[in-house]
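Grab a pencil and have a look at the protein below. Try each exercise yourself before you read its worked solution.

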Amino acid sequence: MSLDRQQTPSAETVARGYEPGGVHNGALVAFLLGLGLMLIAVLGLTRLLLNYRLASRRVEDVSPTHVPLIETSTEPALQPSPAHDTLPYQDLASLRQAENTLFRQLGWSLAPGTNRPIIPSAIVRQLAARRQVPGSTVPVNKGAQ
């Protein structure tokens with residue numbers, strides 16, 4: 001078609017006041033319907049595959065042995081219980097009392113306010129003498145550097 005020749009508008013264009021578009025509504029509806037059907041088919045197939053995979057046995061589900069496993073560990077005994085009828089603070093007090101008895105048997109004394117053991121100075125001197133380097137008067141103290 002040449003540019004210098006003008007076409008006369010159709011009677012429909014003049015009646016509407018604009019040129020109708022070239023889009024066919026039937027083709028658009030068919031495309032959207034086909035797209036929707038494919039989407040439903042893909043989602044349905046995905047759902048079927050997921051259900052199949054969840055229902056099938058996996059390697060993790062298979063037991064490595066045919067011997068039934070028996071739980072041998074028991075639940076921890078809560079305090080107090082019939083076999084152990086003391087509360088935690090009572091347990092701690094009896095533990096500290098046993099430690100203090102042991103310290104007294106070793107000849108150590110206990111500080112009156114804190115109840116901490118005080119090592120006799122004779123024992124401290126003996127230990128310091130064992131750790132002295134020959135030819136030196138300063139004891140070796142590896143912890144304080």
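Here are six exercises on this predicted model, each with a solution in steps.

**Exercise 1. Work out the overall layout of the chain: how many helices and strands are there, and in which pattern do they follow each other?**

Step 1: Count the elements. You should get 4 helices and 2 strands.

Step 2: Walk along the sequence and note each element as you pass it. The pattern reads α-α-α-β-β-α.

Step 3: Now check how much of the chain is covered. Of the 145 residues, 4% count as buried. The accessible surface comes to about 14,000 Å², and carbon and sulfur atoms hold 62% of it.

Step 4: Finish with the contacts. Take those with a separation of 6 or more: residues 24 or more positions apart account for 0% of them.

**Exercise 2. Compare the spans of α2 and α3 with what you'd expect at 1.5 Å a residue.**

Step 1: Start with α2, which covers residues 25-55. This helix has 31 residues. From first C-alpha to last, α2 reaches 45 Å, close to the expected 45 Å.

Step 2: Do the same for α3, residues 88-105. Here you have 18 residues and a reach of 26 Å, close to the expected 26 Å.

Step 3: Ask how covered α2 is. The number of buried residues in α2 is 0, so this helix lies largely in the open.

Step 4: Look for nonpolar side chains on the surface. L28, F31, L32, L35 and M38 make up a nonpolar patch, and together they have about 520 Å² of accessible area. One of them, L28, sits in α2 and is partly exposed at 44% relative accessibility.

**Exercise 3. Find the salt bridge and say where its two partners sit.**

Step 1: Count first. There is 1 salt bridge.

Step 2: Name the partners. R16 pairs with E12, and their closest N and O atoms are 3.2 Å apart.

Step 3: Place them. Both belong to helix α1, and because they are 4 residues apart there, about one helical turn separates R16 and E12.

Step 4: Check the exposure. R16 is partly exposed at 44%, and E12 is partly exposed too, at 41%.

Step 5: Look at another residue of this helix. T13 also lies in α1 (residues 11-16), but T13 is buried, with a relative accessible area of 14%. Leaving out residues up to four places away in sequence, T13 touches Y18, E19 and P20.

**Exercise 4. Decide whether the aromatic pair F103 and W108 is stacked or edge-to-face.**

Step 1: Know what to look at. A pair of aromatic rings is described by the distance of the centres and the angle of the planes.

Step 2: Read off the values. The structure holds 1 aromatic pair. The ring centres of F103 and W108 are 5.3 Å apart and their planes meet at 10°, so the pair is stacked. The cut-off you need is that planes under 30 degrees apart count as stacked.

Step 3: Check the cover. F103 is buried at 18% relative accessible area, while W108 is partly exposed at 21%. The cut-off for buried is under 20%.

**Exercise 5. Trace what I119 touches.**

Step 1: Locate I119. You'll find it in the loop between β2 (117-118) and α4 (121-131).

Step 2: Judge its exposure. With a relative accessible area of 40%, I119 is partly exposed.

Step 3: List the contacts, again without residues up to four places away. I119 touches W108 and V124.

Step 4: Look at the distance to the other ring residue of Exercise 4. I119 and F103 are 16 residues apart along the chain, and 8.9 Å separates their C-alpha atoms.

**Exercise 6. Which residue has a positive phi although it is not a glycine, and where does it lie?**

Step 1: Start with a glycine. G107, just after α3, has a positive phi of about 95°.

Step 2: Now the non-glycine. N115 has a positive phi of about 65°.

Step 3: Place N115. It lies in the loop between β1 (109-110) and β2, and is partly exposed at 40%.

Step 4: Find a partner in α3. N100 lies in that helix and is buried, with a relative accessible area of 9%. Beyond residues up to four places away, N100 touches L110 and N115.

Terms used:
Residues are numbered from 1 along each chain as its sequence is written. This is a predicted model: local features need pLDDT of at least 70, side-chain atom pairs count only at pLDDT 80 or more; totals for chains, interfaces and linings use all residues. Side-chain values use heavy atoms; hydrogens and water are left out. Buried means under 20% relative accessible area, exposed over 50%, partly exposed in between (1.4 Å probe, protein chains only). Contact means heavy atoms within 4.5 Å. Accessible areas come from the Shrake-Rupley method with a 1.4 Å probe; for residues, only the protein chains shown count as cover. Rings of Phe, Tyr and Trp (its six-membered ring) pair if their centres lie within 6.5 Å; planes under 30 degrees apart count as stacked, over 60 as edge-to-face and the rest as tilted. Patches are made of residues with over 30% relative accessible area and no salt bridge: like charges are joined within 9 Å, nonpolar side chains (Val, Leu, Ile, Met, Phe, Trp, Tyr) within 5 Å. A salt bridge is a side-chain nitrogen of Lys or Arg within 4 Å of a carboxyl oxygen of Asp or Glu. The expected span of a helix is 1.5 Å times one less than its number of residues.
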